[in-house]
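Colleague: Before we discuss the charged side chains, please show me the sequence and the structure.

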Amino acid sequence: MAMILDGTNGVTFNDASLQGAAASPFGLKNKIINGGMDISQRNTSYTSANSENNDDTYVLDRFYILSDGNDVIDVTQTTTVPTGAKYSIGLDVETINKKFGIAQIIENANCFDVIGGAVTVSFQAKVSSTTKLNNIKCAIVAWSGTADTVTSDIISAWGAEGTNPTLIANATYENTPVNLNVTTSFATYSVTATVDTASTSNLILFIWSDVTDTTLGDFLYITNVQLEVGSTATPFERRLYNQELANCQRYFWKPNNAFLMQGITSNRIATNIFYPAQMRANPTLSLSTTTPYWESVPYNTVGSITSGAAEGSKLTNMGGQMSFTGTFGTTPVQSYPGLFGTGTEITFSSEL
């Protein structure tokens, strides 16, 4: 097989394909989970309804919003993408003249090997207009507090336009963030840093707009996010969908809303559960809906749910028992299973 070796362009093979950088020696090189924005268990669009787009709120799996206030941006899992990608995260300006961005905290078990060495972040991005949305930055942030006990809102003060936000205690920029000059066409951007902050226990990826003069409706699109060992950005590692979903479900799981429950008494329902993936830690159980209800089978008795409980220590990172209290009808409810009604959502979270 003929090859052309060039000190500037890399290796060109006889099918005209080009390898411009050394291949990574690492398998499963990407420390970022859901970098292709394929998984979005909570929703596909996040607006001010139910405060889904508040500052320091998780959106597409493993990514959360950081913004100078609430309702600064709407977030969408969008099909505005570069060639070869399926989804991007779309950040839509809803409150003008505010800084905003997204972040992901990397679990200690997945980043301890990069501490003390060089790491590189790469991603593809574009903006809908460069008239105002013209200063996009990226930071590799070290957390030197207790491992996996990270204060997710790492911003102490957002500062003036062009001035990098001030971080909270135990959070340190490992690179000097600069304007990446993102344009209206998708391109790949990268930053490299040496993680040399003493006692680093977690890494946090932070990508943001450093502009305080924005226009309503402007978009920032980001996809194919990667953080890897070394000082060279290599091609994005796209994992199989089921693998990426399992990676996400270690931190957050939203089961089908038709979850089978057993009536225990007229005011308590419960069930034993097992998660599809071992969660990072014992999760927090939440029930989200405006009018939750449970319907027993076969009696079609509808009961209202007034609260949800994890029964203390009965939920572990593998599964356990969950129960809910409310008003669930008379004696037949006690001995027959039932289903949660449409719109009643149960979630389990062990996010960092």
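Modeller: This is a predicted model. To begin with burial, E351 and R42 are both buried.

Colleague: How far apart along the chain are E351 and R42, which meet in a salt bridge?

Modeller: Their side chains meet with an N to O distance of 2.8 Å. E351 lies in the segment after β25 (345-349), whereas R42 lies in the loop between β3 (18-19) and β4 (45-46). The pair thus links distant parts of the chain, and the separation is 309 residues.

Colleague: Which residues are linked with R42 in a network of salt bridges?

Modeller: The bridge between R42 and E351 has been described. The network of salt bridges includes R42 itself, and its other members are R62 and E351.

Colleague: Are K99 and D210 buried or exposed?

Modeller: The side chains of K99 and D210 form a salt bridge at 2.8 Å, N to O. K99 is in the loop between β7 (88-93) and β8 (100-106), and D210 is in the loop between β15 (202-209) and β16 (219-229), 111 residues apart. As for accessibility, both K99 and D210 are buried.

Colleague: Why are E237 and R239 classed as buried?

Modeller: E237 and R239 form a salt bridge, with their closest N and O atoms 3.0 Å apart. The class applies under 20% relative accessible area. E237 qualifies because its relative accessible area is 16%, and R239 qualifies because its value is 15%.

Colleague: How many salt bridges does the count give?

Modeller: A pair is counted when a side-chain nitrogen of Lys or Arg is within 4 Å of a carboxyl oxygen of Asp or Glu. By this rule, the number of salt bridges is 11.

Technical notes. Residues are numbered from 1 along each chain as its sequence is written. This is a predicted model: local features need pLDDT of at least 70, side-chain atom pairs count only at pLDDT 80 or more; totals for chains, interfaces and linings use all residues. Side-chain values use heavy atoms; hydrogens and water are left out. Helices (H or I, at least four residues) and strands (E, at least two) are DSSP runs, numbered from the N terminus. Buried means under 20% relative accessible area, exposed over 50%, partly exposed in between (1.4 Å probe, protein chains only).
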